[in-house]
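User: I would like to work through this structure with you, starting with a pocket and then turning to a sheet. Please reason each answer through before giving the value or name.

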Amino acid sequence: MNYVFDKELQEAIIIKRNSQFTMNVDINGETVKCHCPATTRIGDVDLAGVYCLVSKSDDPKRKLKYTVEAVSFDNPDSNDKNWVGINLILSNRIVEYLLNTHQLDEMVKDYDEVRREVFLGSSKLDFLVGNTYLEVKTPLTTVNVKYGDRIKTKKVTPFSSTDRMVRHVGELAASLKDHERAILLTVQQYEETEIKPHLHSTHYEEVKAAMTEAINKGVESWNINLKFTPTGVSLLKLTDTTQDLLSY
């Protein structure tokens, strides 16, 4: 059971990333300013010349009609590109679909309702599935795919904005006082083909301490890998990574 897009995505070429929020993209020979739904960096790749998939909105109120939904770090002439989805909002839609179609029953089951955007303390968490709180993360600063030999990389600096992550993990741990389970779910909108070294954040020790404390209180960590295509997304793998984080 695949998550199917309303319209098939169109292949294009990134000319440059202008800012956190926009990219110039070559669509059928025309330079178009497109929305970028990933505000963080995308791996350590120079995106100029990288192939991408774009969606087009028919909403007349949209200033930018196109959105870059995925990129490929394969060589441009690759016939079977491994697309890396970069739309963080899409991750939540996919997770909701997978929950409603019971494709994640290995992780959570025996629920009658899937609720979105539930408040817990001072945080708004992504889902309440039965009696399990679920927070979804889509990390892109490290992308675990093999790069084509014509893909250019660049030097990157450690990620420093971790306050929201620490707060949400703490809230998840606190939820276990009244609820049976809490899960931190990492969504990778691509097929892993090469594990890359993880660059520690500037607040690594703080994040690790918060994560360890939360897991010791019962918070679980799971990971899903997806196959991203121009027509839709399918689940490749669901993995319990709780013990991996404790030994990280």
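**A pocket and a sheet**

User: What volume does the second largest pocket have?

Analyst: This is a predicted model, and the values that follow are computed from it. For the second largest pocket, the volume comes to about 680 Å³.

User: Which element supplies the largest share of the lining of the second largest pocket?

Analyst: The lining is made up of 28 residues, and those nearest the pocket centre are Ser55, Thr67, Glu69, Asn87 and Arg93. By character the lining residues divide into 12 nonpolar, 7 polar and 9 charged. At least two lining residues come from each of strand 1, strand 5 (51-56), strand 6 (66-72) and helix 1. The largest share, 4 residues, is supplied by helix 1.

User: Why is one side of strand 1 and of strand 8 left without a neighbour in the sheet?

Analyst: The sheet is open and has 7 strands in the order 1-13-12-11-10-9-8, with mixed pairing. Strand 1 (3-4) and strand 8 (114-120) each have one side free because each stands at an edge, with a single partner strand.

User: Which residue of strand 13 is the bridge partner of valine 4?

Analyst: Strand 1 pairs with strand 13 (residues 232-240) in the antiparallel sense, over 2 bridges. Within strand 13, the bridge partner of valine 4 is glycine 232.

User: What angle does the direction of helix 1 make with that of strand 9?

Analyst: Helix 1 (residues 88-100) packs on the sheet, where it touches strand 1, strand 8, strand 9 (123-129), strand 10 (132-137), strand 11 (181-188), strand 12 (220-228) and strand 13. Between the direction of helix 1 and that of strand 9, the angle is about 25°.

Note on methods: Residues numbered from 1 in each chain as written. Predicted model: local features only at pLDDT ≥ 70, side-chain atom pairs only at ≥ 80, totals over all residues. Heavy atoms only, no water. Pairing = 2+ DSSP bridges. Contact = heavy atoms within 4.5 Å. Axes fitted to C-alpha atoms, helices over the stretch in contact; angles between N-to-C directions. 1 Å grid on protein atoms, 1.4 Å probe; cavity = no way out; pocket = protein on both sides within 12 Å on 5 of 7 lines; lining within 4 Å. Points joined across faces, edges and corners; volume = space filled by probe spheres on them. Nonpolar A, V, L, I, M, F, W, Y, C, P; charged D, E, K, R; others polar.
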